[in-house]
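Hi everyone, thanks for making time. Let me put the structure up on the screen, and then I'll walk you through it.

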Amino acid sequence: MADPRIVIVGAGPAGTRAAEALVAAGLRPTVIDEGRYSGGQIYRRQPPNFTRRPEALYGTEAAKARAIHSAFDQLAGRIDYRPETLAWAVKDNTLHIQKNMRIEALDYDALLIASGATDRVIPLPGWTFPGCYSLGAAQITLKMQACAIGSRVVFLGTGPLLYLVAWQYLKAGCAPLAVLDTSRMADHLAGLPLMASRPEQLLKGARLVSGLRRAGVAIWRGILPREVLGDPDRGVAGIRFTDANGQDRQIDCNAIGMGYHLRAESQLADLAGCEFAFDPLLRQWLPHVDDAGRSSVANVYLAGDGVRILGADAAETSGRLAAMALLTDFGRAQPRFAMDRLRRLMQRHKRFAQGIAKAFPWPWQQMATMPRTTVVCRCEAITVDELCSAVETCQAPEVNRAKAFSRVGMGRCQGRFCGQASQEIVAFAQQASVESSGRLRGQAPVKPLPIGVCEEVGHG
Amino acid sequence: MAETRGAADIIIIGGGIVGCSAAFFLRRRNLSVILLERYLVGQQASGTNFGNVRRQGRHLTQLPLANRSRAIWAQIPSLTGSDVEFMPVGHVRFLWSEEQIAVVEDYARQASHYGLELHILSQREIRERFPFVGPEAVAGSWSPHDGHANPRLVAPAFARAAAKLGAAIHENCAASAIEKTGEDFIVTTPTGQFRAPLVLIASGAWGGGLAEQLAEPVPIEVAGPQMGVTEPAPYFIHPVVGVSTKIPGEVAYLRQIPRGNIIFGGVHRRPAALDERRAKYDPAGLMAQFRQILRLAPTLRHLRLIRTWSGVEGYIGDDRPIMGASEKTSGLYYAFGFCGYGFQLGPGVGDVMAELIATGKTETPIDEYHVNRFTLQPAARLQVSAAH
């Protein structure tokens, strides 16, 4: 094939390195970016009138952020860059995109999806009150709007991002009151051997935690969240939880950032027809890829956290690797040693991520004891009770059926935020494995699409 | 030979709205029932359609069946113990051309002989009654006793009610072969065989393949409706809204549920595959759909689409379903191929088939749906089609 038409979705670390590798091979890929500037979520850039230095924004990762930004900027003119553009559907080798009130259908020979991740959340009584945010949202307000989510903030959940965001708030002059981590010291120890595959990362993490402690941020481990205090009108007033010793505790605060690590944003891969497999350690359904990022669909390649959560460094590696696999498949052989080196790097990242998964386990047991009045699907305001009734009374053995009967996951977010908790709850309700409760199927559009787009002349 | 997993008076193949309601009504007539469903009940055309409980616009000769079904719709909560969100809020069709008014007036006159009440509304009247209507509409056709329901709930509700009455419902149990040996049919599935002297094929788009296996092939096209739903908005569109037109690309419809979401479909359908399990929505047609629904209610331009879907439907060549006893095999019955309009008919078809199977006859005319219209005198039919 002369010059294949290649579309990359995502301009974070994976998309950037993929584009770079394709440009180096003399191709001109189209890069679709939902953001206004490249960098993705982790290396999100500030608007032009904001002036915080990368060191203050990204901390230890400042050099990497600079490198990714500059790598992308150097591609200017050699790629077809589409910022602020949503890839909302894919079918029959066509990617459907939308920018403002214009839509377009891009035919491709190869599609490389580097769609990143979103927060992995677990419902909690009161989590729908104003003032309760996801960790990712708490970061976006800081980086894009120079705002904190509140003046007295508590971060809740588990995973490296929990500590990173807390540290970023500290650095921004808004020291959090507390970090409430559901993982226990014993979990951290269990994860250590695998995490030791990247000692520098491990050390960075330890520094974050000690930095928070020195600044007087209370760190609680092994907690069980009970409820967000407050009300729907005035918002968050506090958080109630059980500590590691079984003591009931309460912290008054006016904002909560919560998240339990991340989930792969895999909806586009799903729409492209990629096969998924269940990962028992992460308890997530993930698109299946080979060791270079080839999906089960011949011309669809996947890279970065949209495949599995391996972090920003692995995203760069996998983006480069997937682009090289793509080039190989299109008859432009790549140096084998270079690909092998990237594959080995990926293995290291995977070992480390397994360590992280053990050190900060997804506390799925919470879903078993959650009060039945808890709202699980925020868009549709569906409670645990309504979901369980769909399973118990209407005989829904898996989550798509439970969705059909209860409306869970039917709202604007399309189950991207409630889907994983719903799977756990469906599994509990029928005393079955979470694997058997399935995963919510993706349906276009990936994100809400304005109907008014059809009025733009010359499209559709 | 594989062991027999179960035996009953009748095996129903297909767990859509027709198969499940037939199971229910057959149990009420004291026949023992086994229902075999390839996936989960109500998952294909029955669960993915628009949800229209519409009589206006049907072939006139289909109205007795539609009326019988409409009467059952009102009783579904008491029959099944489930709320299927049936709302008899009326059904309006807007007209885009003056010429179409005479067509609709003529239809209304004839439909009244079948007991269907239709009102032709002037341009002024539709603006008063339906302030959301687009400026192009010149008139409307109003059917006050039609409405809509939630398709995801209906077939499963009948299945649960049938099971409560003793029907054996087997999900994830596809019938791969049907044979008649002596008095009984043997139906083969991956998990074993089932035996019964009677079989009802109610497997929608899959019915074509089974009928062919039983030497009664019918022309069937497999297609998927193109459906979408918006984010919620204040509840302001109460009736089901459609179009009366001769131009296929203008056929669009929408309805709003009290929760606020607006469900829409129409304009085109796309080919679907039987082995894919799920028909996929084709995003390439979305803009054409958007334009047609904005003609119906322009203010929708301010809303966002949140989800699209499709399903697997069977369309018979002459746009009429296959219903009735087999021509060739005694004890075999068909009720499939409802051409994209089976949702409203479903409960009535189940009831009629139960009556026909249990008593040998039905008071509702269904002769024109007999499978023999494709299998009798093929030479004569070929001459007819060649003359056209």
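A:Pro445 sits in the loop between α14 (419–429) and β23 of chain A, where helices (H or I, at least four residues) and strands (E, at least two) are DSSP runs numbered from the N terminus. The peptide bond that joins A:Ala444 to A:Pro445 is cis, with omega about 0°. A second backbone feature is A:Asp92, which has a positive phi of about 50° although it is not a glycine. You'll find A:Asp92 in the loop between β4 (86–91) and β5 (94–99) of chain A. As a reminder, most residues other than glycine have a negative phi, and most peptide bonds are trans.

A quick word on the ground rules. This is a predicted model, so local features need pLDDT of at least 70 and side-chain atom pairs count only at pLDDT 80 or more, while totals for chains, interfaces and linings use all residues. Residues are numbered from 1 along each chain as its sequence is written, chains are lettered from A and ligands numbered from 1 in the order in which they are written, and side-chain values use heavy atoms, with hydrogens and water left out.

Back to β23. This strand of chain A, residues 449–450, is joined to β20(B) by two bridges, and the two run antiparallel; strands count as paired if DSSP finds at least two bridges between them. Within β20(B), B:Arg304 is the bridge partner of A:Pro450.

That takes us to the interface. How many residues does each chain bring to the contact? Chain B gives 36 and chain A gives 35, with contact meaning heavy atoms within 4.5 Å. Together the chains bury about 3,200 Å², 56% of it on carbon and sulfur atoms; buried area is the accessible area (1.4 Å probe) that two parts lose on being put together, summed over both. On chain B's side, B:Arg152, B:Met287 and B:Arg307 supply 20% of the area buried against chain A, more than any other three residues.

Now the polar side of the interface. The rule finds three salt bridges between chain B and chain A, each a side-chain nitrogen of Lys or Arg within 4 Å of a carboxyl oxygen of Asp or Glu. A:Glu380 forms a salt bridge with B:Arg259, and their closest N and O atoms are 2.5 Å apart. On the chain B side, α6 (151–164), α8 (286–296) and β20 (304–309) each supply at least two of the residues that touch chain A.

Let's move inside chain A. There is an open sheet of five strands in the order β9-β16-β10-β11-β12, with parallel pairing. Its edge strands are β9 (132–134) and β12 (218–221), each pairing on one side only. From one strand to the next, the twist averages 20°; axes are lines fitted to C-alpha atoms, for helices over the stretch in contact, and angles run from 0 to 180 degrees between N-to-C directions. Six bridges join β10 (residues 153–158) to β16 (residues 255–260) of chain A, and A:Gly157 stands opposite A:Gly259 in β16(A). Helix α5 (residues 160–171) of chain A lies across β10, β11 (178–181) and β12, running at about 165° to β10(A).

Chain A also has an open sheet of three strands, ordered β13-β14-β15, with antiparallel pairing. Here the edge strands are β13 (224–231) and β15 (248–252), and the twist averages 25° from one strand to the next. Five bridges join β14 (residues 235–242) to β15(A), and A:Thr242 stands opposite A:Asp248 in β15(A).

One last item: salt bridges overall. A search of the whole structure finds 52 over all chains. One of them is between the side chains of A:Asp3 and A:Arg332, at 3.0 Å, N to O. This pair links distant parts of the chain, 329 residues apart: A:Asp3 is in the segment before β1 (6–9), and A:Arg332 is in the loop between α9 (312–329) and α10 (336–359) of chain A.
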